[in-house]
Amino acid sequence: MTIDDLRERAQALRNRGRATDAALVGEIEAEVQELHALHGSGVGMSPELAERLSLLGWLLYEASWQVVQRIEPGFEILADAFGEESQAAFELATRLAEAARVMPWPEHAPRALGALRAQALAESKRDTEDGYDRAWEVHEEVRLNHGILREVVTTPEAQLALDEILLQLALAETGTACRTAERVISRWGEGVESGEFRPTDDVRWSQRMFRELSDGMRYGGEALAAAARISDRHGFADAVDEHRLALPTAFRNPGIMTARAALLVLALTAEMEGLGRSPQHGQRSWPELRDDLVRRFEEAYRAVERPVIGPDGREVPLSYIYVRSLVQLRLTAAVLVPGHSLPSATVAEPCLAIDPLDDTAVEAMSSWLTESVDGRQRGDANVIGSATMPSFIRSVEACRAAYGTVGGYREWRKRWPTLDRYDAERDRRARVKAVL
């Protein structure tokens, strides 16, 4: 491929003007092989070759991100429903990651690490314990490679490129931690019935989720710190192109995922305390850790509300998806820490303005999420409204009690069954009723 070919293909993928298919993946693999031949011949680095490598890294980033969106969660378990298409996409993601692994002169193509990030996300979408294990192996591989590149490159432009890709890598790690926990906690009942989980596995899974979510919260903090460095030193770009990757909205997705991770860690603290574990993050007691987690949640939440200024100098309003995420985060916080004060910086919806997060706020946000827009319910309550793992439910109740409120969680679940993201499934309500 010529330099113009690489640029055209990457831009077309970014603009959704073409799809990642086997032919494109084959072109990318051939390009990597050709670069290996050049590397083996001892050719020196030139501006043209550096540009070619950079554009190939961008192409790998865009191609792998697009293909991972076509992989349905649980595609191995639900193979009869959509396994064939998802499996094909999974194989393309794996090939793209392997091409990225063997690229010569990787310091000139930092965005190629995005292909490994996509492979980790693809592995997690298998929704099996082996898939989760493999996802974390790839995340650790990417983190190691990013650290090596950080030591190799020294120019401000190269450091900026590494910060911009770190935003996406750390966000993916936090996403995997949340995704694993949410799936296990919400599908525990089905997993026990199918034999995927044994009832006694809850101790092992609780400890694993607590560890991974704690790491995910830390990685999310790294993403937010990278966004701050980019903002302070370089500013954000108006659009993604071959030179820049981070947009003015760069704080929002890491803020959402970091806040979700912090709340899930908070929800598991009582379970960990009951198992005799020691608190983490430098805290001397579990009450101190819980208060620290609330603080971390608030910091991440504020990052989502951070004003975004568009190219015309005007503030860009929060999109509907972000407003929904803020409602879900506030609702989860209200369930875990009843009566907590969290003034909102946005008045996008009246239910966001209710402070403190008391019963009135819970009912208003629950009602808002269940309202129908264009024939569809606005949203669910994430894992706090979908949990079927008994030890997690008990831990939520204990967390509420630690903040002065006994009971109320199960009653809220019973009043708002449609906030369960799996409520429409056959036998789901009976299963939830039994566990509650």
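Axes here are lines fitted to C-alpha atoms, for helices over the stretch in contact, and the angle between two of them runs from 0 to 180 degrees between N-to-C directions. I am working from a predicted model.

**Entry: H10 and H14.** I looked up how helix H10 (residues 252-274) packs with helix H14 (residues 390-402), and found an angle of about 95° with the axes 7 Å apart. That makes H10 roughly perpendicular to H14, because angles of 65 to 115 degrees count as such. On the H10 side I noted Leu-264, Leu-266, Ala-267, Leu-268, Thr-269, Ala-270 and Glu-271, and on the H14 side Ser-391, Phe-392, Ser-395, Val-396, Ala-398 and Cys-399. Sorting the residues of this contact by type, I get nine nonpolar, three polar and one charged.

**Entry: cysteines.** Since Cys-399 appeared in that contact, I went on to search the whole structure for disulfides, and the search returned zero. The sulfur of Cys-178 has its closest cysteine sulfur in Cys-399, 16 Å away, which is too far for a bond, because a disulfide requires the two sulfur atoms to be within 2.5 Å. I also checked accessibility: Cys-178 is buried at 0% relative accessibility, and Cys-399 is likewise buried at 0%.

**Entry: H16.** In helix H16 (residues 428-435) I found Arg-428, Arg-431 and Val-432 to be buried. Viewed down the axis of H16, these buried residues fall within an arc of 95°, so they line one face of the helix. The face turned away from the buried side carries Ala-430, Lys-433 and Ala-434, which are exposed. Following the buried residues of H16 outward, I find them packed against helix H7 (156-186), helix H8 (188-194) and helix H15 (409-415).

Conventions:
Residues numbered from 1 in each chain as written. Predicted model: local features only at pLDDT ≥ 70, side-chain atom pairs only at ≥ 80, totals over all residues. Heavy atoms only, no water. Buried < 20%, exposed > 50% of the residue type's maximum accessible area, 1.4 Å probe, protein only. Helix = DSSP H or I, 4+ residues; strand = E, 2+ residues; numbered from the N terminus. Arc of directions from axis to C-beta. Contact = heavy atoms within 4.5 Å. Parallel < 35°, antiparallel > 145°, perpendicular 65-115°, else oblique. Nonpolar A, V, L, I, M, F, W, Y, C, P; charged D, E, K, R; others polar.
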